[in-house]
Structure formats: structure tokens, C-alpha cells
Amino acid sequence: MIRMLLAICLFFSLSTEAQTLVESKILFGRTIGRQPYLDYGLGSDRLGGAKMTYLDTGILVQAVDSTIGRYKIQLSKNRTAWLQKANFQKVNSIKIEPYYLTSSFLINGDDKYDLVSINLDEKLPYTSIQQINPSRIVVDIFGATSNTNWVTHRTSAKEIKNVYHEQVEDDVFRVIIELKHKQHWGYSIYYEGKKLFIKVKRQPEDLSLENMKIAIDAGHGGNNPGASGISTKIVEKNYTLLIANQIEKALMEKEAIVFMTRRSDNNYSMLEREERIRDENVDFLISVHLNSSVREEVKGVSTYYRYIGFRPLTKYIQESMIKIDGLEDFGNIGSFNFALSGPTDYPNCLLEVAFLSNRDDEKLILSPEFHKQVAKQVVEGIKDWLKSCKEEND
Ligand SMILES: [Zn+2]
């Protein structure tokens, strides 16, 4: 009996992906698959662990330890992160250099984007953060040591004010990109060969709604119904679509271009939604959901962002939404781990309109008039946000 209990305990401790390390051997590999990403640690919640960064594929990584499903990656002497095993492909014969060097930079632009390109010896892992006041993108390249003695900044770069760099540790090379405008419009980091590109979206010159291309995402769909009502059996997926349709209509009345991630009752995965939004080159995204809580009394509207540089869109929409009669302010929430808040490519806002688990909110959600009010206030919020974007950094 005791032996059996022990066996059961052991089984559970292994299967909970706790700190149990089941292998221990250094492996070199490259990132593969759709959207590899690094987690800071082994923490987790309903929407997964806290992500450090998404990565391009083909990046050289060193796995120094392993747990169920994930490798511990040594990024630099003092930094580690966790990578899904499905995103790791072992390389058998590779000559590992004791250090990798950076080389010259070029900062230039095309008709829509500014580009920072950095010559490297190898496809190395990186992470990035957005800073505000002044707005900057800070990129750390792991395993890189500076040999950069030539930085060319062309006038074709319109949004990037300055680029400079700093060797913050022996093997961590930091690139600081100062932006002209206070608002972040997004950026993508990727490799072409061994050259690292940071593609920075420029603030549109014309900030009127009719010049914007906006993605509207109706949450859930198909076999993924989402939350359901407390006193009726209405499901989230149907009402997110009804509200999203009204938002589309209100935006089109202002002559904005709208891309809807779904128009009918189908369930695209988060990854599919992200890829389709990215392919559409939208200026920003609003994802529409309805909230639910185990505490029936919790109610109100909330908006969510992941990156501080994208907060303003969510803040203006929240401030506009709470003008609706009967809709309380549940809050504007940051660092949120929602999949569609993950991309850095464009500003995005998760809008949790109201709580299906609250009786007052559920009544609002059932009302077609409320859907129209939501659409109107979303448009007002966007307009207020666009007005605020005119500000430049000092
Ligand atoms: Zn939802």
C-alpha cells in the first residue's frame, strides 16, 4: 500500500511539470516551428507562463537542462529561459565559437517602415521591450560582443530618431532605438541570413480614421463557445460576433478599412488569427470578448494590453466605454498574457465588454441597443487615441 502510494506521488510530481528535471545534458539546437517563444520561468496560469519573447526560427540555442516539455536555454552567462521542446531541433555537428561578434549597423527606411539591420556572426537569440517617455525599443542580443564601429543612419528612416548600443554584460549586446513619436506603432524582429532586422512601423502621417486599417476579432467561435450567461444560456461566441459586427459597421461609416478575423461561427486558433492579422498589415487590432468570474458580483468593462507602448489605445477605449450607462469600470490591465496581445507588430487591445457571470451585465449584453453603444464608444475611444498620437518625444 505504502509502495503504491509512493508510486502515485512520484507519478504526480513528474506529471505536473513542477521543478522536476528529468534530463541533464547540454544540447545545441535551433528554433523551429510556428512562433517559437521563450518563457522566463516555469510559472503558469490559465493563459500559460510569462513570456520573455517570441523568436524567429533557425536561432542557435543551447539547452543546459530539461523538464517535461521544455528545455532550459542558456542565453548568456547570467540569463536563462525556457523553450518548448517542440520548438527545438537538435544540431549534431556545429562548431560553437567562444564568442560571437556584432558588426556594422544600417538604419534606413522604405515607404512604410524604418529598418535597423545588424550584421552578426550567428543567428543569436534576442529579447526586446518597449519603453515610454521617451518611446524606445530596447533589444538585447544574447551571446554577442560588440565589434560595431560603423553605424550608418540614412534620412530615409523617418520614425527612428537615434540608435545606439551598449555592451551591458560580456555577452549581452543592447541596442537602443529612440522613436520620434510618443506612440509605438509596432515592430518585428527577424533574421535574413545572419543579419538581424528590426522593422519599425512608422506612425501614419494621416491619423484620420479613414486612413486606418483595423482588425476586429470576435472572440471564440465554432466548437469554442467561451463563457455562458448566468441566468440565460447565451454563449460568448455569438455575442462577441454581434458586437464585433456593430463595431465594423460603425468604423465603416467613418470610412476605415476593417478586417474581421471571423464573420461566421467558425473557430480559428489563436495562431491562425495572429497569422491572418499579420498578413493583413493592419494598423491595430481590437479583440472582443465577454468576461466571466466565479464571483457573481464582479462586473464592468475592462481593456487589456501586454506591452506598455500599446497601453494608450486600451486606455482611451476604456475611458470611452465607461461612459455607457450602467457599465462599470473594472479596469485597464497590463502585462496580460492573452495570445493576441503577444505580437509586437501592431498596437492591440483586448476588450472584455462586460461580465456574462453578472446579472446586470448579462442584461446589457442581451440588448442590441447596447451593442450599438459599445460600437459607438469604441469608435470614440479610437478617435481620442488617434488625436493623442500627434505628440512627439521632446
Ligand atoms: Zn473570451
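Two strands count as paired here if DSSP finds at least two bridges between them. That's the idea to keep in mind for the hairpin and sheet views below, all taken from a predicted model.

**View A. The β11–β12 hairpin and its positive-phi residue.** Strands β11 and β12 pair in the antiparallel sense, with six bridges between them. One pair to look for is Ile129, which sits opposite Val138 in β12. The hairpin has four residues between its strands, and Asn133 has a positive phi near 50 degrees there.

**View B. The four-stranded sheet that this hairpin belongs to.** Reading across, the strand order is β11-β12-β16-β15, and this open sheet is antiparallel in its pairing. At the edges are β11 (126–131) and β15 (160–169); each has a single partner strand, so one side of each has no neighbour in the sheet. From one strand to the next, the twist averages 20 degrees. Over at the β15 end, eight bridges tie β15 to β16 (residues 172–179), and the two run antiparallel. Pick out Ile160 and you'll find its bridge partner in β16, Leu179.

**View C. Phe142 and its surroundings.** Phe142 belongs to strand β12 (residues 136–142). Is Phe142 buried or exposed? It's buried: 23 other C-beta atoms lie within 10 Å of Phe142, and the cut-off for calling a residue buried is 20 or more. Setting aside neighbours within four places in sequence, Phe142 is in contact with Leu75, Ser76, Arg79, Leu124, Pro125, Tyr126, Asp171 and Val172. Take Arg79 from that list: 63 residues separate Arg79 and Phe142 in sequence, but their C-alpha atoms are 8.6 Å apart in space.

**View D. β10 with a partner in β9 and another in β18.** Strand β9 (residues 100–109) and strand β10 (residues 113–120) run antiparallel and are joined by six bridges. The chain gets from β9 to β10 through a hairpin of three residues. Within this pair, Asn108 stands opposite Leu115 in β10. Strand β10 also pairs with β18 (residues 195–201), again in the antiparallel sense, over seven bridges. Here Val116 has Ile198 of β18 as its bridge partner.

**View E. The six-stranded sheet.** This one is open too, with mixed pairing and the order β20-β19-β21-β24-β22-β23. At its edges you'll find β20 (257–260) and β23, each paired on one side only. Ignoring direction, neighbouring strands are turned by 20 degrees against each other on average. In the interior of the order, β21 and β24 run parallel and share six bridges. One spot to zoom in on is Ser287, whose bridge partner in β24 is Leu350.

**View F. The largest nonpolar core.** Which of its 50 residues touch the most other members? They are Ile247, Ile286 and Val288. At least two core residues come from each of β19 (213–218), α2 (236–253), β21, β22, α4, β24, α5 (359–366) and α6. Helix α6 gives the most, with eight residues. Centre the view on Ile286 and, leaving out residues up to four places away in sequence, you get contacts with Ile214, Ile216, Ile247, Cys349, Leu351 and Val378. Apart from this core lies another, of 40 residues, with Leu38, Met52, Val61 and Tyr187 among them.

**View G. Helix α4 under its cover.** Helix α4 covers residues 311–321, and nine of its 11 residues are buried. Those buried residues are Arg311, Pro312, Leu313, Thr314, Tyr316, Ile317, Gln318, Ser320 and Met321. What lies over them includes strands β21 (284–291), β22 (301–304), β23 (329–333) and β24 (348–355), along with helix α6 (368–388).

**View H. The domains and where domain 1 meets domain 3.** The domain assignment splits the protein into domain 1 (23–90), domain 2 (100–201) and domain 3 (209–388). Between the C-alpha centres of domain 1 and domain 3 there are 31 Å. The contact between these two takes seven residues from domain 1 and four residues from domain 3.

**View I. Confidence along the chain.** The mean pLDDT is 93, and 94% of the residues reach 70 or more. Residues 1–24 are another matter: the pLDDT there is below 50, and this stretch has 18 contacts in the model beyond near neighbours in sequence.

Note on methods
Residues numbered from 1 in each chain as written. Predicted model: local features only at pLDDT ≥ 70, side-chain atom pairs only at ≥ 80, totals over all residues. Buried ≥ 20, exposed ≤ 12 C-beta atoms within 10 Å, placed from the backbone. pLDDT = per-residue confidence, 0-100. Core = buried A, V, L, I, M, F, W, Y, C linked by C-beta atoms within 7 Å. Axes fitted to C-alpha atoms, helices over the stretch in contact; angles between N-to-C directions. Domains from an automatic or database assignment.
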